[in-house]
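Visitor: I am new to this structure and would like a close look at a single part of it. Could you take me slowly through its second largest cavity, and say what lines it?

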Amino acid sequence: MTLYFNAASPFARKVMVMLHETAQLDRVELQTTVLTPVSPSAELNEDNPAGKLPALRLADGNVIHDSRVILDYLDHQHVGLPLIPREGSGRWRRLTLASLADALLDAAVLIRYETALRPQEKHWDQWLDNQQQKIERSLHYFESDAITELSTCFDVASISVAVALGYLDFRQPDLKWRSTYPRLAAWYLDVSQRPSMIATQPPV
């Protein structure tokens, strides 16, 4: 298998953490791909029309894209305990928490695009504020309603939230979310020391 990824992408990092946690890293060839919304990759677009990263080319040539789909695929390829519950209410709850973490990431990435790629005079402040509010609401929910669940195991939900928090540290270091969300900060301090999280830290 070949994983098309960028080490700065939080969505790619989720997949890399899954590969480490399930001991599948040696099964995958890593191919770094650099792109932006205004600078796509022609090679990536051939079998991945949306041009999304990460993308996973399987041994039969088929390409899977979107991190959530790739995570689900990889979770069916190892012999350990599943990191995505297979059935029942637990499955939907953990996937919902993972989806909320992805929504936080979507907002953070959009802020990054707006501030890094668009000229400052074209920044839309109200839109940026709205994205930031999504981040704050998500952090509040994880702190007040989900921290106990996140602490039970390191699975798809915990991976997604941990990577989202790491991305905030990477791209929004001035946010200082730890003082506002101390329980989430304590949880992240613990899980960020996992070998899978240390090995996949974004480039400085």
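Guide: What follows is a description of the second largest cavity and its lining. This is a predicted model, in which local features need pLDDT of at least 70 and side-chain atom pairs count only at pLDDT 80 or more, while totals for chains, interfaces and linings use all residues. Residues are numbered from 1 along each chain as its sequence is written, and side-chain values use heavy atoms, with hydrogens and water left out.

The structure holds two cavities of 30 Å³ or more, a cavity being a set of points, on a 1 Å grid over the protein atoms alone, where a 1.4 Å probe fits but cannot get out. The second largest has about 40 Å³ of space, a volume being the space filled by probe spheres set on the points, which are joined across faces, edges and corners.

Its lining residues, those with an atom within 4 Å of a point, are A7, A8, S9, P10, R13, V163, G166, Y167 and P202. Helix 1 (10–21) and helix 6 (156–171) are the elements that give two or more residues to this lining, and helix 6 gives the most, with three; helices here are DSSP runs of H or I with at least four residues, numbered from the N terminus.

By class, the lining divides into six nonpolar, two polar and one charged residue, where Ala, Val, Leu, Ile, Met, Phe, Trp, Tyr, Cys and Pro count as nonpolar, Asp, Glu, Lys and Arg as charged, and the others, Gly among them, as polar. Finally, because domain 1 (2–76) and domain 2 (88–195) both give residues to the lining, the second largest cavity lies between them; the domain bounds come from an automatic or database domain assignment.

Note on methods. On a 1 Å grid over the protein atoms alone, a cavity is a set of points where a 1.4 Å probe fits but cannot get out, and a pocket is an open set with protein on both sides within 12 Å along at least five of seven lines; lining residues have an atom within 4 Å of a point.
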